[in-house]
Amino acid sequence: MATKIIYFTVNGRPEQAEFPVTCPAQDVKDLFRSAAEAGPHDILKLYNPKGNIINISPNLEPNKPNTCYKLEVVASGCNSEPLGVELAGALGFDLSSMEKRQWEDAEIMVLLQVMYTDLDFIATYNIEPEVLQQFLFEVYRRYNNIPFHNFKHCFCVTQMMYGLIWLTDLRSKMDSIDLLIMLTSAICHDLDHTGYNNAYQINARTELALRYNDISPLENHHCAVTFDILEKKESNIFRNVSPDQYKRIREGIIKCILATDMTRHNEILSKFKSILSSFDFDNKDHRDVLMMILIKVSDISNEARPMEVAEPWLDCLLQEFYNQSDAEKLEGLPVTPFMDRDKITKPSSQTGFIRFVLLPLFIELANLFPCLELHIIDPVRKALDYYTEMEKALEREKQNRAPCENGFKGKEIAVGQTSAPEASNSDTQ
Ligand SMILES: [Zn+2]
């Protein structure tokens, strides 16, 4: 029988793995696991010589000792005490602490596993650790390497959702299955995002726009990719739930992910406002709207983080916007105004967004959960002050540089700011 030999190092120690080409995936994983002396819940990261993470599977590209791969083990938070303690602190109530240092992708996957454990999903829904790991790896693989809508954005949104669940003590108010839906939706909500928003998809008549008839092409796609991952037995974290539960989970995830299309912002927010005064956690319609609001808040919660975390993310978002408007110009498509590098500045893009989209949304959620005021509204108000100041400084600078020219440009920006949320920079977040 044909076999493959893979050369790799673990902690600088050369190792090799030999297995038949038809070897089951799990056996290949176990082989690497034992070579690394890793525990059953640890995460293995295999890197090629270029430093890219590669999937441990029977399809691994055979190599030579001089082009060997590098295997790394990340201890799972569930097993290793020191890391476990660190994670517990980081995952608790301080929504920002963990991002002060750069977290690596494999560590992030461990953190996501800890969230499932922590919220009792593992035990309640009988999720096998290997299946959860495989699911997270598939998710990781299917986020693209683009400036903003990447795996780390998925993590930020999920972390915020996790934080909100604890801060609002949602576990005592809602079914655990709703929380499972929300956390999983957060993880999957931007799967395979291409970096070009719905307006581009529709104007460029992309495959996605054609497939979904211009109706939330991206969000429909994120959802379809989610269930593609869940169709595979080895990555279906819901494979042990009852058909009725699965049905409810599927409905819920679809509803939550589709709610992240910002063109539906006003519709969803108005619905929430209309039920707020009589909000009832026993009413399914009310809970459904709340779930949509929570994923929306998590999705655009960047400005609730400390400035040193939030600002680099804004730079990434603008980079993605500029890439799109550059492509639009190149392809002769309508240029999305809030993405045009000739029309917007960093502060101008942000002040309008915070004033007209973020704050009105966050304030309504804090009406239901007053404790959130401190955690998400105060920092957003600070961010608004910060960008308002930056905007004024830019204005002054411009006036000093070209006193007669700036009147027109300034006006253009001001018009952009006061536009409806649909036309603001929130569109693809
Ligand atoms: Zn998102």
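## A guided tour, from Asn367 to the hairpin

With 15 C-beta neighbours inside 10 Å, Asn367 counts as partly exposed, so select this residue to start. The cut-offs are simple: a residue is buried if 20 or more other C-beta atoms lie within 10 Å of its own, exposed if 12 or fewer, and partly exposed in between, with C-beta atoms placed from the backbone. What you have open is a predicted model, where local features need pLDDT of at least 70, side-chain atom pairs count only at pLDDT 80 or more, and totals for chains, interfaces and linings use all residues. Residues are numbered from 1 along each chain as its sequence is written.

Asn367 sits in helix H15. Helices (H or I, at least four residues) and strands (E, at least two) are DSSP runs, numbered from the N terminus. Now add Ser277 to the selection: its C-alpha atom is 9.2 Å from that of Asn367, although the two are 90 residues apart along the chain.

**Zoom out**

Show the whole protein as a cartoon, and you have 17 helices and 5 strands in view. Colour by burial, and 37% of the 429 residues come up as buried. For contacts, the cut-off is two C-beta atoms, placed from the backbone, within 7 Å. Of the contacts with a separation of 6 or more, 72% are between residues 24 or more positions apart.

**Helix H14 and the loop after it**

Next, select residues 307–331, which form helix H14. Its 25 residues reach 36 Å from first C-alpha to last, close to the 36 Å expected at 1.5 Å a residue; the expected span is 1.5 Å times one less than the number of residues. Show side chains for its buried residues: Ala310, Leu314, Leu317, Leu318, Phe321, Gln324, Ser325 and Glu328. Among the elements that cover them are helix H8 (198–203), helix H15 (346–368) and helix H16 (372–401). Just after H14 comes Gly332, with a positive phi near 70 degrees.

Carry on to Met339, in the loop between H14 and H15. Is this loop residue buried or exposed? Met339 counts as buried because it has 27 C-beta neighbours inside 10 Å. Leaving out residues up to four places away in sequence, Met339 touches Phe321, Tyr322, Gln324 and Ser325. Try a distance label to Gln324: the two C-alpha atoms are 7.2 Å apart, at 15 residues along the chain.

**Into the core**

A nonpolar core here is a set of buried Ala, Val, Leu, Ile, Met, Phe, Trp, Tyr and Cys residues joined through C-beta atoms within 7 Å. The largest one has 79 residues, and those with the most contacts inside it are Met161, Met182, Leu183, Cys256, Leu294 and Ile295. Helix H6 (residues 151–167) gives the most to this core, with 10 residues.

Centre the view on Ile295. Beyond residues up to four places away in sequence, Ile295 touches Met161, Met182, Ser185, Ala186, His189, Cys256, Ala259 and Thr260. Ile295 is one of the buried residues of H13, including Leu294 and Val297. Helix H13 (residues 284–299) has 16 residues and reaches 23 Å, close to the 22 Å expected. Its buried residues are covered by, among others, H6, H7, helix H11 (243–258), helix H12 (265–276) and H15.

Now keep H6 and helix H7 (residues 176–188) on screen. Their axes come within 7 Å and cross at roughly 160 degrees; axes are lines fitted to C-alpha atoms, for helices over the stretch in contact, with angles from 0 to 180 degrees between N-to-C directions. H6 and H7 are therefore roughly antiparallel, a label for angles over 145 degrees. At the interface, Cys154, Val157, Thr158, Met161, Tyr162 and Ile165 in H6 meet Leu179, Met182, Leu183, Ala186 and Ile187 in H7. In the loop between these helices, select Asp169, whose phi is positive, near 50 degrees, in a residue other than glycine. Asp169 counts as exposed because it has 11 C-beta neighbours inside 10 Å.

**Last stop: the hairpin**

Finish with strand E1 (residues 3–10) and strand E2 (residues 13–20), which pair in the antiparallel sense over 8 bridges; pairing takes at least two DSSP bridges. Ile6 stands opposite Ala17 in E2. At the turn, the hairpin has 2 residues between the strands, and Asn11 takes a positive phi near 50 degrees. Asn11 counts as exposed, with 11 C-beta neighbours inside 10 Å.

How values were computed
Angles under 35 degrees count as roughly parallel, over 145 as roughly antiparallel, 65 to 115 as roughly perpendicular and the rest as oblique.
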